[in-house]
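Visitor: I'm new to this one, and I'd like a close look at a single part. Please pick a spot where a bound molecule meets the chain and take me through it and what lies around it.

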Amino acid sequence: MTSSDPPVPSRPRSATIILPPAPPPPPTAARAAASSTVKPPENRDAPAPVAPNLAATPVPGEPTVTLTIDGETIEVRKGTNVLEAAKLLGRDICHFCYHPGLTIAANCRQCLVEVEKNPKLQPSCQQIVGEGMVVHTESPAVLEARRAMLEFTLKNHPIDCPICDKAGECTLQRHYMDHNHHLTRVDVAKIRKPKHKDIGREIVLDAERCILCSRCVRFCEEIPGTGELAMTFRGDHEILDIAEGHPLDNAYSINVVDICPVGALTSKDFRFAIRAWELKATPTTCQGCATGCAVELHHKHENAYRVMPRHDPAVNGHWMCDEGRYTYKELDADARIRHARVDGQQVPLDHAIAAVAKRLQGRNKKVAAVFSGTSTNESNRALDDLATMLGAERFVLGRPPGKTDELLRDADKNANMRGAIAAAGAAKHEGELGLELAGRAYDAVIFLDGTFELSEVVRSALGAITSVCLSDRVTALAQACAIVLPATSWGESLGTTINRQGRLRVLQPAWRPEGDRRDRADLIREIALALGERDLGSGRDRARAIAEEFDHDGLRQLTTTPAATRPTLLRFSHSRG
Ligand code: SF4
Ligand code: SF4
Ligand code: FES
């Protein structure tokens, strides 16, 4: 490692695995003890949290309703609301309190529309479609009601957009610019309410900005079922609050920040870190556990700032857990390994690959190949090919189990343990690897990932053999290995994982890797070529093959059209509120 790579921390940055501190048994005894194989986890058919509101798109075999919206006739699923039906026509009816993942409160009155034969304007979020219904979303009466409701909502709002964390992705800002745009007529002092109140482990409340839509209250009651938030007082003194001594500390609390249409609820981790409009969004998959929630990674240049949920009705619905939010910290630029290292010296990547090949070559060399539950299918499959070429013994390692619940979090904290086990075939687990390495059973070991925690016994055993680690960041394992190859992190990789349901999940690169960092499958391909073996193909080739194997259109497009992986610049149109 040289001055261009970061210093090695005294403790590993990512927790994990192994080892028995017991004295090492002799190699033969260790090999005899290591007879069991790693079992794939049970296929838990865990459904996503059910959304209470029906999507409007007709479902084959289910009843439909035909109605007219702004002169256009449309057929939608029976039981859906007018607001969702209008979305199918590309009409985004202005609204605050409605959220498709929550029950309907219809308290903001921002979504009023005109329904013919009905004397009063109706809230489109609550109005269920009817056969032959005729709806107007842009009539003079609707536009006036919309403007007046916005003026009412803004009456006591502090309008502190310049210092508000939500500015740039605030629904109130967006609707004001689209539908009101009038100067205030208020010439009396505004009602003052509590500002920057710490209401939980992750969240800060600014009650003056709250527009009392009750989305956050319904979320806590309906999704985690913890009900920490409630409205107190009445009229223009009404505020959102927690009960004394009962903070907002549930495992899904940061979702309230996403769904708050204004900047009343902000995340302690993200607030004041960067302006939302400076960020780009890349759709990808959370690497926090085996659930594999659909998420967006928000980043600027090569730095990640936050992870937000992406709607996936089959896996996570609209939500994600707080643990998953922090997975972006693994992408910390300060900890990245950008260049290869051989025996403590930074070397060009091709020198390091040649060193790996030279040390692996030779008759009767006993090699251990360590597959990883935190790496992609593409890299695990590439290691499978290399292990076959080398006649290597196979092991599968991963992170230790963690917290679980009935909603989303899985005890298996590896995003791809199913894929790793499928690629490795009959493999041994980490305890056996510890015993066998400590017993000097191998001449060389190749770690697909550098995030496994090692005991002193094994660390010292690595010094006596050829140890190769493909790592994206500085870890204790990377420091203990003789050769370190700079690999891309999940934020820079195009690849796939298989979640607990057996579904294929896609990882998309958010930025170009710096320095000599390469996809693990590409590094393994280089090692095979340096060994004089056949060309194993690139990581992208493998992703393309997996797209065909799983008949996955999205992945097929990503692997064939590089432009499809371009991130989206966050603007008002990407408001999450
Ligand atoms: S804090 Fe936000 S989500 Fe909660 S009621 Fe107020 S505006 Fe709505
Ligand atoms: S449940 Fe698992 S995959 Fe989903 S957000 Fe949490 S850590 Fe990530
Ligand atoms: S969104 Fe319909 S009343 Fe609030």
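Guide: One bit of sorting first: Ala, Val, Leu, Ile, Met, Phe, Trp, Tyr, Cys and Pro count as nonpolar, Asp, Glu, Lys and Arg as charged, and the others, Gly among them, as polar. By that sorting, the shell around ligand 1 has 12 nonpolar residues, one polar and one charged. This is a predicted model, so local features need pLDDT of at least 70 and side-chain atom pairs count only at pLDDT 80 or more, while totals for chains, interfaces and linings use all residues. Residues are numbered from 1 along each chain as its sequence is written, chains are lettered from A and ligands numbered from 1 in the order in which they are written, and side-chain values use heavy atoms, with hydrogens and water left out.

So, who sits around ligand 1? There are 14 residues surrounding it (a heavy atom within 4 Å), and the closest are Cys210, Cys213, Ser214, Cys216 and Cys260.

Follow Cys216 and you land in helix H5, residues 215–222. (Helices, H or I with at least four residues, and strands, E with at least two, are DSSP runs numbered from the N terminus.) Six of this helix's eight residues are buried (under 20% relative accessible area; over 50% is exposed, in between is partly exposed, with a 1.4 Å probe and protein chains only), so H5 is largely enclosed by the rest of the structure. The buried six are Arg215, Cys216, Val217, Arg218, Phe219 and Cys220. They pack (heavy atoms within 4.5 Å) against strand E8 (229–232), strand E9, helix H6 and strand E10 (265–267).

H5 also feeds the largest nonpolar core (buried Ala, Val, Leu, Ile, Met, Phe, Trp, Tyr and Cys joined through side-chain atoms within 4.5 Å). That core has 51 residues, and Phe219, Leu229, Val256, Leu265 and Leu297 have the most contacts inside it. Elements giving it two or more residues include helix H3 (140–154), strand E9 (239–242), helix H6 (255–259) and strand E12 (294–300). The largest share, four residues, comes from H5. A second, separate core of 43 residues includes Val38, Leu386, Leu485 and Ala528.

Helix H3 holds another residue to look at, arginine 146. With 4% relative accessibility, arginine 146 counts as buried. Beyond its neighbours within four places in sequence, arginine 146 touches Ile93, Cys94, Gln110, Leu112, Thr137, Glu138 and His179. Its C-alpha atom is 17 Å from that of leucine 212, which is 66 residues away along the chain.

Back beside H5's packing partners, the loop between E8 and E9 carries phenylalanine 233. Phi there is near 65 degrees, a positive value in a residue other than glycine. Most residues other than glycine have a negative phi. Phenylalanine 233 is exposed, at 57% relative accessible area. Aspartate 70, not a glycine either, also has a positive phi, about 50 degrees. You'll find aspartate 70 in the loop between strand E1 (64–69) and strand E2 (72–77), and at 22% relative accessibility it counts as partly exposed.

Finally, have a look at ligand 2. Around it are Cys286, Gly288, Cys289, Gly292, Cys293, Met320, Cys321, Gly324, Leu408 and Arg409. That shell has six nonpolar, three polar and one charged residues.
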